Amino acid sequence: MKAIAKTRPGIGVEVIEMPVKRPAAGELLVKIAACGICGSDLHFYLWELGADRISSRLPFVLGHEPAGEVAEVGPGAEGFRPGDHVALDPFGHCGRCGPCRAGRFHLCTSPSTLSGAFAEFTIAPTGNAHLVPRSMDLEQAALLEAFGTGLHAVEQSC
């Protein structure tokens, strides 16, 4: 599959070919329909403001604000099936720690992270995946995380 990756230090990215991974336990393989461009993606592109923290992981596929269709469900990934439409959150939750069991997922002590969504497919832990109605445009679904961040800021300011 094709992916947009940071392959070396310095300005720029490249389109690379890479294999499609299979989902492991508790993971989904998602066919990406749309992905937002985060400020951190721009910092990685420009190789500025701490971008060197990914040096040891090059090539590094950018993108972490996507939406798409579940292509394959890994073992134990309950609540999802192929064909489901999902919005993927950059930060997921484990579902096992005290805060998660209390419904306070934003305080998870072992959050999962998502990257690699500037590609045809990505692997997502189920804690990062949220079902969206099939009637929702997947480009709009990819904006849900950014919208939620702005909404939270407004709510906190009131």
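The following questions and answers concern the fold, the nonpolar cores and the salt bridges of a predicted model.

User: How many helices and strands does the protein chain have?
Analyst: From the N terminus on, the order of elements in this predicted model is β-β-β-α-β-β-β-α-β-β-α-α. The secondary structure therefore comes to four helices and eight strands.

User: What radius of gyration does the protein chain have, and how does it stand against the globule rule?
Analyst: The C-alpha trace spans about 45 × 40 × 30 Å along its principal axes. For 158 residues the globule rule gives 15 Å, and the chain lies close to that value, so it is as compact as a globular protein of that length. The radius of gyration itself is 16 Å.

User: What share of the contacts with a separation of 6 or more joins residues 24 or more positions apart?
Analyst: The count takes in contacts in the protein chain with a separation of 6 or more. Among these, the share from residues 24 or more positions apart is 67%.

User: What percentage of the residues is buried, and what part of the accessible surface belongs to carbon and sulfur atoms?
Analyst: Of the 158 residues, 39% count as buried. The accessible surface of the chain comes to about 9000 Å². The part of this surface that belongs to carbon and sulfur atoms is 57%.

User: Which element gives the largest share of the largest nonpolar core?
Analyst: The largest nonpolar core has twelve residues, including Leu28, Val30, Ile32, Phe80, Leu88 and Leu114. Two elements, β3 (27-35) and β6 (85-88), give two or more residues to this core. The largest share is three residues, and the element that gives it is β3.

User: Which residues does Leu114 touch, leaving aside those up to four places away in sequence?
Analyst: Leu114 is one of the residues of the largest nonpolar core, as are Leu88 and Ala124. Both of these are touched by Leu114. With sequence neighbours up to four places away not counted, the full list is His64, Pro66, Leu88, Asp89, Pro90, Thr122, Ile123, Ala124 and Asn128.

User: How many residues does the second, separate core have?
Analyst: This core is separate and includes Ala5, Ile16, Ala119 and Phe121. Its number of residues is nine.

User: Which residue forms a salt bridge with Glu17?
Analyst: Glu17 lies in strand β2 (residues 14-17) and its partner in strand β1 (residues 2-6), 15 residues apart. Glu17 is exposed because its relative accessible area of 55% is over 50%, while the partner, at 47%, is partly exposed. The closest N and O atoms are 2.9 Å apart, and the partner is Lys2.

User: At what N to O distance do Arg8 and Glu14 meet, and why does the pair count as a salt bridge?
Analyst: Arg8 is partly exposed at 47% relative accessibility, and Glu14 is likewise partly exposed at 33%. Side chains of opposite charge can pair when their charged atoms come close. The pair counts because its N to O distance is within the 4 Å cut-off, at 3.8 Å.

User: Where in the chain is Arg22, the salt-bridge partner of Glu72?
Analyst: The side chains of Glu72 and Arg22 meet at 2.5 Å, N to O. Glu72 counts as partly exposed at 22% relative accessibility, whereas Arg22 is exposed at 62%. The pair links distant parts of the chain, 50 residues apart: Glu72 is in strand β5 (residues 66-73), and Arg22 is in the loop between β2 and β3.

User: How many salt bridges are there in the count?
Analyst: Among them are the pairs Glu17 with Lys2, Arg8 with Glu14, and Glu72 with Arg22. The count comes to four.

Technical notes
Residues numbered from 1 in each chain as written. Predicted model: local features only at pLDDT ≥ 70, side-chain atom pairs only at ≥ 80, totals over all residues. Heavy atoms only, no water. Core = buried A, V, L, I, M, F, W, Y, C linked by side-chain atoms within 4.5 Å. Buried < 20%, exposed > 50% of the residue type's maximum accessible area, 1.4 Å probe, protein only. Contact = heavy atoms within 4.5 Å. Rg over C-alpha atoms; globule rule 2.2 N^0.38 Å. Areas by Shrake-Rupley, 256 points an atom, 1.4 Å probe, with all protein chains shown as cover.
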